[in-house]
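Please find below a short note for a colleague who has not yet looked at this entry. It goes through the chains in turn and then turns to single residues.

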Amino acid sequence: MAKNVLYQLIKFFLVIIGIIIVSSFLGMFINGFAFGWGSFQSNLVLTTKSLLNPKEMIAETIYEQTEFRVFPTFWNYYNYSITILLAAFFVTVFSGIGLSYISYILPKKITRPFANSLSFLEALPDIFVIFVVQYITILIYKHTDILLFSVAGSYERVYLLPIIILAFLPSLFFWKVSVLMVHQELEKPYVTLAIGKGMGKTVIFGYHIMRNAAFGLMNHIKPIIWILLSNLIILERLFNVYGISHFILEFPSPQTLALSLIMIYIPFFVILTVSQISISKLFGKEEIGT
Amino acid sequence: MGTNIISNQKFLLGSSVLIILFFSSMGYYFIAGDAIPEVDLLYNEKQELLSPPYSPVEHPPFGTDNFSRDLFFVILTGAKYTLGGALIIALVRLLVSLLIGLVIRIYLGKLKKIIVWSVEAFNYFPAVLLSYFLLSWFLLFEFHFTQSFSLTFNERVIISLVVLIIVSLPTTTVLIINETDRILTFEFIEGVRSLGGRRFHILIKHIIPHLKPQLFVVFIREYIQTLLLMAHLGILNVFIGGSVPKADHFQISRFVSLSNEWSGLIGNWWQFIWTGYPWITFLPVFFFTVSILSAKLALRGVEENMLSVKSSSDSKRDTDIKSIESGSPFHLLKQNESSETEGR
C-alpha cells in the first residue's frame, strides 16, 4: 500500500515535469522561432518559476501584446472547461458500463441490431457529430424560432449540449471495450458456477463480472481522457465558448500551456488514483500501477 | 496476416474507396492540371438570375463556394493531398518508430522502462496542441506579423509533414517496444537462444516476421489518427497544404487553403454553417468522414482476417487476448498501459 502510494507520487511528478519540459520546448515555436538550447533553458526556468509563483504569472495576447495577470481570470476559463470535461468523463464511464449491462441482460436478438448501429456510430469522427448537432439546431431554430441552446456562446456558458457531444463517442468506445471485457469474463468457470447456483443476471453482472473486469477497464480510462481532452479543444473552438482552449490559444506561452495542462491533469490523477486504490482494496487483487 | 487479405470484403471495400478517391484526384491532375472551373451566372427557368453561391441543386453535384468555384473539382483536387499526405505521414511514422523501437528493445533493453515512463506525460498532452504550437508560427502567425512567409511553400509542407510524423513517435515507439516484448516471451525464442541465435538473427528471422501483421494494423490506425489530426488542425486554422490570403465573393480577405487540401477547406468553410450555404461546410466534413469510415472498415477486415488465421493455428486463449487487443482503436495507448502493469 505504502509502496503503491509512493509509486503514484513519483508518477505524478514525472508527468508534471514532462508537461513542463514539453511546454518549454513548444515555447521555442511560439511568437517567433528561436530554436536552441539557450532559449529552451530560459523557457524552462521561466515556466518553472511562474508555476511555483502563480500569483505573478503573466499572460499576453499574440496581436495586441497586452499583458495581464493570469489569476484570478484563469479560474473563469478553467472552471467551465473542467466541469464539462469531468462531467463528460463520468457520463462516458457510467453510460459505457450501463450500456454493456443492458446488452448483457437483454437477449441477443434484440440487442444485435442496436449493437451494430452503435458500433457504426462509434467509428464516426467527432467533427461529423458536431456538424450534425449544429446543423440540426439551426434547422430547428429556422422552422420553429426555438433556440434549443445557444450554439455560439462565447461568454454564455452552455453546459448540457457540450457534455453530451463530448461524451457521445467515448461512451460508445467504452461500451465496446466493456462488452469485450464482459464477454471474456463470461467464458470463465466462475460465471457458469454462479449461473448454476441460480443467481440473477444482475447480481452476476454487478457483483462478480464487474469486480473482475474492473482492472481491465481501468487500462482503458487513460486513452479516454486523452480523447476527451483532444475533442474538448475542437468542441470549444467550434462552439466558440471561452474555455481553457480559448485561454491557451489566445494567450500562448509555455507558462499558460503548462499551467492549463497540469490543472487538467490533477483532478484526473486524483480520480484515477482513488479508484485504483479502492478497486484494489474492494476486490483484493494485487495492486497494479496505472 | 491472413493468407489472402484481398479476399476479405470489408478490407476490399474500405481500401478501394480510398484508392478510387486518390487516383481519380491524381488522374484529374494529369488531365487538367488541377484547373478548377469557375461557374458563370446561372438563370432559372424564368430567365431570372440566381444568386451565387449556388446550391447543389442549382449547380449539381456539389454547388459552388464563395469564390464561385465548382465545389466538385475543389474536393477532387484536394483529395490527393489529404489522402496522400496522411499516407506518407502514417508510413514514415511506422517505419521510424519501428526502427527506434527495435533498436531500443533489442540493444538498449535496460532503458526500456525509463522510456516507457517518460512517454506518460504525452497521455495528457493532446497531439492537436502539440502540432498546433509547432506549426502555428510558420504557417499562420508569421504572415500576420510580417505579411510574408520566410519559408517557401515546399519548406512549409515538409515542416508540416515532419511535425505530424514526430508528434506520434513517442507513443508509437512504445507500442512497438511492447509488441516486441510480447514476441520475445514466446517459448521458441528460448529455443533459438539456446541454439546460439544472436540478437540480430532473432530480430531478422523471428521478431520481424511475427511483427508484420501487427504492423499493418498499426499502420491503418496511424492513418486514421493522421486524418483526424489534420482535420482538427484545419479547424484551428493551421492548414497543412499551405494557405494564401485572397479576396472572396463578398470582398473579404480570407486565408484560403492553397492546395484545396481538405483540412484547410474545413477550417475555411466551417463558418458557412451559420449562413444560408451549409452545404459548403458539409462537403469536407463528409469526405473526411467517408475516408475515416473506409479506413476503419479496412482495419476491421484486416483484424478479422488475422483472427481467423490465428484461431486455426494458435490456442484459444491467445485468440481471446487478440480479440480484446484488436477491439480497441486505441491499441497503442492501451498497450502502453498493459506492459506497465505486466512489468511490475
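The numbered points below describe a predicted model.

1. Chain A, overall. The secondary structure of chain A consists of 11 helices and two strands. Read from the N terminus, the order of its elements is α-α-β-β-α-α-α-α-α-α-α-α-α. Chain A has 290 residues, and 53% of them are buried. Among the contacts in chain A with a separation of 6 or more, 78% join residues 24 or more positions apart. The surface that chain A exposes is about 13500 Å², with 70% of it supplied by carbon and sulfur atoms.

2. Chain B, overall. In chain B there are 12 helices and two strands. From the N terminus on, the elements follow the order α-α-α-α-α-α-α-α-β-β-α-α-α-α. Of the 344 residues in chain B, 57% are buried. For contacts with a separation of 6 or more, 72% in chain B are between residues 24 or more positions apart. The accessible surface of chain B is about 14900 Å², and carbon and sulfur atoms account for 65% of that area.

3. Helices α3 and α11 of chain A. Two packed helices are described by the angle between their axes and the distance between the axes. The axes of α3(A), residues 73-105, and α11(A), residues 254-283, come within 11 Å and cross at roughly 35 degrees. This crossing of α3(A) and α11(A) is right-handed. On the α3(A) side the contact is made by F74(A), W75(A), Y78(A), I82(A), L85(A), L86(A), F89(A) and F90(A). On the α11(A) side it is made by L259(A), S260(A), M263(A), I264(A), P267(A), F268(A) and I271(A).

4. S260(A). One residue of that contact can be followed further. S260(A) is part of helix α11 of chain A. S260(A) counts as buried because its relative accessibility is 0%. Apart from neighbours within four places in sequence, S260(A) is in contact with F74(A), I244(A), F247(A) and I248(A). Of these, F74(A) belongs to the α3(A) side of the helix contact.

5. Helices α6 and α8 of chain A. A second helix pair in chain A is formed by α6(A), residues 160-186, and α8(A), residues 201-218, whose axes come within 9 Å and cross at roughly 115 degrees. The crossing of α6(A) and α8(A) is also right-handed. From α6(A), the residues that meet the partner helix are F174(A), V177(A), S178(A), M181(A), V182(A), E185(A) and L186(A). From α8(A), they are F205(A), I209(A), M210(A), N212(A), A213(A), G216(A) and L217(A).

6. The nonpolar patch on chain B. Which residues form a nonpolar patch on the surface? They are L99(B), I100(B), V103(B), Y107(B), L108(B), L111(B), I114(B), F200(B) and I204(B), with about 830 Å² of accessible area together. Two elements of chain B, α2 (71-107) and α8 (199-235), give two or more residues to the patch. The most come from α2(B), which gives four. L111(B), also in the patch, sits in the loop between α2 and α3 (112-118) of chain B. L111(B) has a relative accessibility of 37%, so it counts as partly exposed.

7. T82(B). Helix α2 of chain B also holds T82(B). Is T82(B) buried or exposed? T82(B) counts as buried, because its relative accessibility is 0%. Not counting residues up to four places away in sequence, T82(B) touches L227(B), M230(B), E261(B), W262(B), S263(B) and F288(B). The C-alpha atoms of T82(B) and N260(B) are separated by 9.0 Å, although the two residues are 178 residues apart along the chain.

8. S160(B). Helix α5 of chain B, residues 153-166, contains S160(B). With a relative accessibility of 0%, S160(B) counts as buried. Its contacts, leaving aside neighbours within four places in sequence, are L135(B), L139(B) and I240(B).

9. Positive phi values. N240(A) has a phi near 55 degrees, a positive value in a residue other than glycine. N240(A) lies in the loop between α9 (221-238) and α10 (244-250) of chain A, and its relative accessible area of 38% makes it partly exposed. In chain B, the phi of N237(B) is near 70 degrees, again positive in a residue other than glycine. N237(B) lies in the loop between α8 and β1 (243-247) of chain B. N237(B) is partly exposed, at a relative accessible area of 31%.

Terms used. Residues numbered from 1 in each chain as written. Chains lettered and ligands numbered in written order. Predicted model: local features only at pLDDT ≥ 70, side-chain atom pairs only at ≥ 80, totals over all residues. Heavy atoms only, no water. Patch = residues over 30% accessible without salt bridge, like charges linked within 9 Å, V, L, I, M, F, W, Y side chains within 5 Å. Areas by Shrake-Rupley, 256 points an atom, 1.4 Å probe, with all protein chains shown as cover. Salt bridge = Lys/Arg side-chain N within 4 Å of Asp/Glu carboxyl O. Buried < 20%, exposed > 50% of the residue type's maximum accessible area, 1.4 Å probe, protein only. Axes fitted to C-alpha atoms, helices over the stretch in contact; angles between N-to-C directions. Left-handed = near helix turned anticlockwise from the far one by under 90°. Contact = heavy atoms within 4.5 Å.
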